[in-house]
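Load the model in a viewer and keep a selection prompt open. The stops below are given in the order in which to select them.

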Amino acid sequence: MQAWRVHRNGEPSEVMRLEEVGRPEPGEGQVLLKVRAANINFPDALLCRGHYQVTPPLPFTPGVEICGETEDGRRVIANPALPHGGLAEYVVADEAALLPAPEALDDAEAAALHIGYQTGWFGLHRRAHLQEGETLLVHAASGGVGSAAVQLGKAAGARVIGVVGGPDKAAVARELGCDVVLDRRSDDIVAGVKEATGGRGADVVYDPVGGDAYAKSAKCVAFEGRIVIVGFASGAIPSPALNHALVKNYSIVGLHWGLYNQRDPRAVLRCHETLTEYAAKGLIKPLISDRVAFADAADAVQRVADGSTTGRLVVLPEGAAA
């Protein structure tokens, strides 16, 4: 089979190589899946760079999220078992963790449902306890992680303020349903949030960016607000001033969704059932900005690494319907 492999760490476009390799062999409790679509996540870029919290042995294949097909023809969502990632024709995955692909979503959309939407749901509901009528501030609102949070916030009955970088991304955020859109390149984010909330600030902040985004969030979070730390796409990990959190009476909560797979897998299944219901009702629908040919996978991972994309890039195997 063909697979994209990384033999040394570096930028994805430089270190990913398309090779002919043998199909991976399932271990105990694993199954072989044919890849129908592979969603590109920022962790794929971090894996290539050697900066992710998981460091598979070299050489490895990136791709942490797929829609696949079992040998008996079932369409499933899975997280491939590294080092045999999803940017390949076949993967292996833990059988107990397979989830049925929602009928309301096609292969590319199903491949983009799992990590981003599970992260959003756990972040907003389990960690921040978002309530109907509250104001949710989402950084990188037009990106893959942010767009999921916007849709989930709207589904929860929240008023959503989206922060983006540039007019094109602002247009995408508006189409997603953001009630207010702020451009970090031209708008004063703190003043904009306070103006939009009558001076109160955001009740919940969803931050997959870190760095300056976090610093601004701390200045416009509401009394008893909650800042959810999802990731550091900016590359800068902030150092929160805990005296500031004390004086303003807000919470800083972290979210590592992968831990739920280990500590509370039933919660992951319940969340998937909820997301499937949302998809059937049209409340959520992964934003697929580009369906990428398998031969162009390395370029797609680099585009995500560079932060130039909106929504999700999904790689389709040769012969798949675009």
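How many aromatic pairs does the structure hold? This predicted model holds 2 aromatic pairs. Select Trp121 and Phe122 to see an aromatic pair with edge-to-face geometry: the centres are 5.5 Å apart and the planes stand at 80° to each other. Trp121 counts as buried because its relative accessibility is 18%, and the cut-off for buried is under 20%. Phe122 is buried too, at a relative accessible area of 0%. Add Tyr260 to the selection: Trp121, Phe122 and Tyr260 form one aromatic cluster.

For another ring, select Arg23 and Tyr90. The charged end of Arg23 sits over the ring of Tyr90, at 3.9 Å from the ring centre.

**Strand E9 and its partners**

Now select residues 159-164, which are strand E9. Is E9 largely enclosed or largely open? Of its 6 residues, 5 are buried, so the strand is largely enclosed by the rest of the structure.

Add residues 135-139, strand E8, which pairs with E9 in the parallel sense over 5 bridges. To see one of these positions, pick Leu136, whose bridge partner in E9 is Val160. Show helix H5, residues 144-155, as well: the chain runs from E8 through H5 to E9 in a right-handed β-α-β crossover.

Next, add strand E10, residues 180-183. E10 and E9 also pair in the parallel sense, over 4 bridges. Pick Gly162 and look across to E10, where Val181 stands opposite. With helix H6, residues 167-176, displayed, E9, H6 and E10 can be followed as a right-handed β-α-β unit.

**Helix H2 and Pro12**

Move to residues 42-49, helix H2, and colour its buried residues: Asp44, Ala45, Leu46, Leu47 and Cys48. What do the buried residues of H2 pack against? Show strand E1 (2-6), helix H1 (12-15), strand E2 (16-20), strand E3 (30-39) and helix H12 (297-306); the buried residues of H2 pack against these elements. Just after H2, stop at Gly50, where phi is positive, at about 80°.

From there, select Pro12 in helix H1. Pro12 is buried, with a relative accessible area of 0%. Which residues is Pro12 in contact with, leaving aside its neighbours within four places in sequence? The list is Ala45, Cys48, Ala298, Val301, Gln302 and Ala305. Two of these names, Ala45 and Cys48, are among the buried residues of H2. To follow a long sequence separation, draw a distance between the C-alpha atoms of Pro12 and Arg303: these residues are 291 places apart along the chain, and the atoms are separated by 9.1 Å.

**Backbone stops**

Where is Pro59? Look in the loop between H2 and strand E4 (66-69). The peptide bond that joins Leu58 and Pro59 is cis, with omega at about -10°. Then go to Pro83, in the loop between strand E5 (75-78) and strand E6 (90-94). The bond from Leu82 to Pro83 is also cis, with omega near 20°.

For positive phi in residues other than glycine, select His129, where phi is near 50°. His129 lies in the loop between helix H4 (114-127) and E8. With a relative accessible area of 48%, His129 is partly exposed. Then select Glu224, which is not a glycine but has a positive phi of about 60°. Glu224 belongs to strand E12, residues 221-229.

**Cysteines**

Last, display the cysteine sulfurs. How many disulfides does a search of the whole structure find? The search finds 0 disulfides. Cys67 is in no disulfide, and its nearest cysteine sulfur, that of Cys271, is 17 Å away. The cut-off for a disulfide is a pair of sulfur atoms within 2.5 Å. Cys67 is buried, with a relative accessible area of 0%. Cys220 is likewise in no disulfide; the nearest cysteine sulfur is that of Cys178, at 15 Å. Cys220 is buried at a relative accessible area of 1%.

Definitions and conventions:
Residues are numbered from 1 along each chain as its sequence is written. This is a predicted model: local features need pLDDT of at least 70, side-chain atom pairs count only at pLDDT 80 or more; totals for chains, interfaces and linings use all residues. Side-chain values use heavy atoms; hydrogens and water are left out. Buried means under 20% relative accessible area, exposed over 50%, partly exposed in between (1.4 Å probe, protein chains only). Helices (H or I, at least four residues) and strands (E, at least two) are DSSP runs, numbered from the N terminus. Contact means heavy atoms within 4.5 Å. Rings of Phe, Tyr and Trp (its six-membered ring) pair if their centres lie within 6.5 Å; planes under 30 degrees apart count as stacked, over 60 as edge-to-face and the rest as tilted. A charge sits over a ring if NZ of Lys or CZ of Arg is within 6 Å of the ring centre and within 35 degrees of the ring normal. Two strands pair if DSSP finds at least two bridges between them. A crossover is right-handed if, with the strands pointing away from the viewer, the path from the first strand over the helix to the second runs clockwise.
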